[in-house]
Amino acid sequence: MTGVRRLYLDVSAGETRGLVTLDGLPEILLIDRPDEPRAELGARFVGRVTALARGAGSAFVELGVGPPAVLKLAGPAAGLAEGAAVRVEVVAEARADKGPVVEFVADAAGHAVGPVESAPSVAEQLRAFAPDAAVTTGEAAREACDLAEEAALESTCLLKDGVAVTIEPTRALVAVDVDRAAGGAEPGRKGLKANLAAVRQAARLLRLKSLGGTVAIDLLGFPEPRAVLTEAAQAAFAPDGPGVAVLTPNRLGVLMLAKPHRRTPTIERLCDPDGRLSALTVACRLARRFEAEGAAQPGVLLEAVCPPDVAERLRPLAARLGPRFSVAAEVGRDRARADIRPR
């Protein structure tokens, strides 16, 4: 592992995607969709306190977009009353059934609820991850981002020499299993070396999937020396910033750690709760196909055939691309069978 990071930026009609790779493997995937208003990390809002939970030391704040945010009642925010207008900054995005988390910035009496300062752009966020790296754009960036999306949706990653890392989020924690790959030979790098590699890759994959909270990594066998693995985990998770806590592997070979939730999990950005690609994700993919096939077939009129929910999302994207591109809604067509044809 050399720790080399590279940056990619892909801009299409429906979304802007940014990708950070670590030693050639996807590490962080950023997705910005103008047609998907939400409380993004780093954005600032004027919000209104709608409810107080003083027993929990928090308040619920309406931001004008998405679910109510949670604000800690501490410091200057300790005396807030229901109905108060406050200026806040998003420090953790919404996930599953939990709203975003915000920090108090200032009182905002007399101001209307809503956004007041956008989150940093995808390009700005990329530069923060690797300030000295060049940003690759064009076809290479699009291909890299497409591959990163697929990798983020896979539960198991196969490493070298027969080791597999499987990540399974649950309501309580994120379970990471390190094991011999199914049907494969016994790992060539046994014991410490295999576990060190698995810890590094688990850290990368959790960043790619934007997963945080309590993490339990079930290592190979009964790993020793445990102090070395603890130090390796601290280094592997260092890019996740302050708030990471790593415990020494226990006698059962489980390494426990906690890392902050910051971004909405990638699978939630790409998929519906049932695990299917969302209508917006399919529409963005079709918009990219419009761009590619339109460039390959100059002058040809192209039409996307897709289910009504995807068509609704795709029509404004097709309009941005121009009159050559149209959308036909077909009742009963599955999202996975959405296609593009000459018109």
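Select strand β11 (residues 156-158) together with β12, and you will find the two paired in the antiparallel sense over three bridges. What you have on the screen is a predicted model, and each stop of this tour should be read with that in mind.

**First stop: around strand β12**

Keep these two strands highlighted and look for Leu 158, whose bridge partner in β12 is Ala 164. Then follow the chain between the strands, where four residues complete a hairpin of β11 and β12, and where Asp 161, in the turn, has a positive phi of about 60°. Strands of a sheet pair through backbone hydrogen bonds, either parallel or antiparallel, and it helps to show the backbone while you look at such pairs.

Now add strand β13 (residues 174-180) to the selection, which is joined to β12 by seven bridges and runs antiparallel to β12. A second hairpin can be traced here, since four residues lead from β12 to β13. Across this pair of strands, Glu 168 stands opposite Ala 175 of β13. How many of the seven residues of strand β12 are buried? Strand β12, which covers residues 163-169, has five of its seven residues buried, and is in that sense mostly covered.

**Second stop: Gly 213**

Select Gly 213, a residue of strand β14, which spans residues 213-218. With a relative accessibility of 15%, Gly 213 counts as buried, because the cut-off for that word is under 20%. If you draw a line from its C-alpha to that of Val 174, the distance is 7.3 Å, although Gly 213 and Val 174 are 39 residues apart in sequence. Leaving out residues up to four places away in sequence, the residues that Gly 213 touches are Leu 257, Ala 258, Lys 259 and His 261.

From strand β14 you can move on to the loop between β14 and α4 (226-236), which is the place of Pro 225. Zoom in on the peptide bond that leads from Glu 224 to Pro 225, as this bond is cis, with omega near -10°.

**Third stop: helices α2 and α6**

Next select helix α2 (residues 138-153) and helix α6 (residues 279-296), whose axes come within 13 Å and cross at roughly 155°. Are α2 and α6 roughly parallel or roughly antiparallel to each other? They are roughly antiparallel, because the angle between them is over 145 degrees. The crossing of α2 and α6 is left-handed. On the side of α2, the contact is made by Arg 142, Asp 146, Glu 149 and Glu 150, while α6 contributes Arg 285, Arg 288 and Glu 291. Colour the residues of this contact by type, and you will see seven charged ones, with no polar and no nonpolar residues among them.

Stay with Arg 288, which lies in helix α6. Arg 288 is buried, with a relative accessible area of 6%. Beyond its neighbours within four places in sequence, Arg 288 is in contact with Arg 142, Asp 146 and Glu 149, and also with Asp 10, Ser 12, Glu 15 and Arg 17.

**Fourth stop: a sheet of three strands**

Move to the open sheet whose three strands have the order β18-β17-β19, with mixed pairing. Its edge strands are β18 (325-329) and β19 (339-342), each of which pairs on one side only. If you turn the view to look across the sheet, the twist from one strand to the next averages 30°. Strand β17 (residues 302-306) is joined to β18 by five bridges, and these two strands run parallel. In this pair, Leu 302 has Phe 325 of β18 as its bridge partner. Then add helix α7 (residues 308-321), which lies across β17 and β18 and runs at about 170° to β18.

**Last stop: two loops**

Most residues other than glycine have a negative phi, and most peptide bonds are trans. With that in mind, select Asp 23, which has a positive phi of about 50° although it is not a glycine. Asp 23 sits in the loop between β2 (16-22) and β3 (25-32), and at 26% relative accessibility it counts as partly exposed.

Finish at Ala 96, another residue that is not a glycine, with a positive phi of about 45°. You will find Ala 96 in the loop between β7 (85-92) and β8 (101-107). Is Ala 96 buried or exposed? Its relative accessible area is 66%, so Ala 96 is exposed.

Methods: Residues numbered from 1 in each chain as written. Predicted model: local features only at pLDDT ≥ 70, side-chain atom pairs only at ≥ 80, totals over all residues. Heavy atoms only, no water. Buried < 20%, exposed > 50% of the residue type's maximum accessible area, 1.4 Å probe, protein only. Contact = heavy atoms within 4.5 Å. Pairing = 2+ DSSP bridges. Axes fitted to C-alpha atoms, helices over the stretch in contact; angles between N-to-C directions. Parallel < 35°, antiparallel > 145°, perpendicular 65-115°, else oblique. Left-handed = near helix turned anticlockwise from the far one by under 90°. Nonpolar A, V, L, I, M, F, W, Y, C, P; charged D, E, K, R; others polar.
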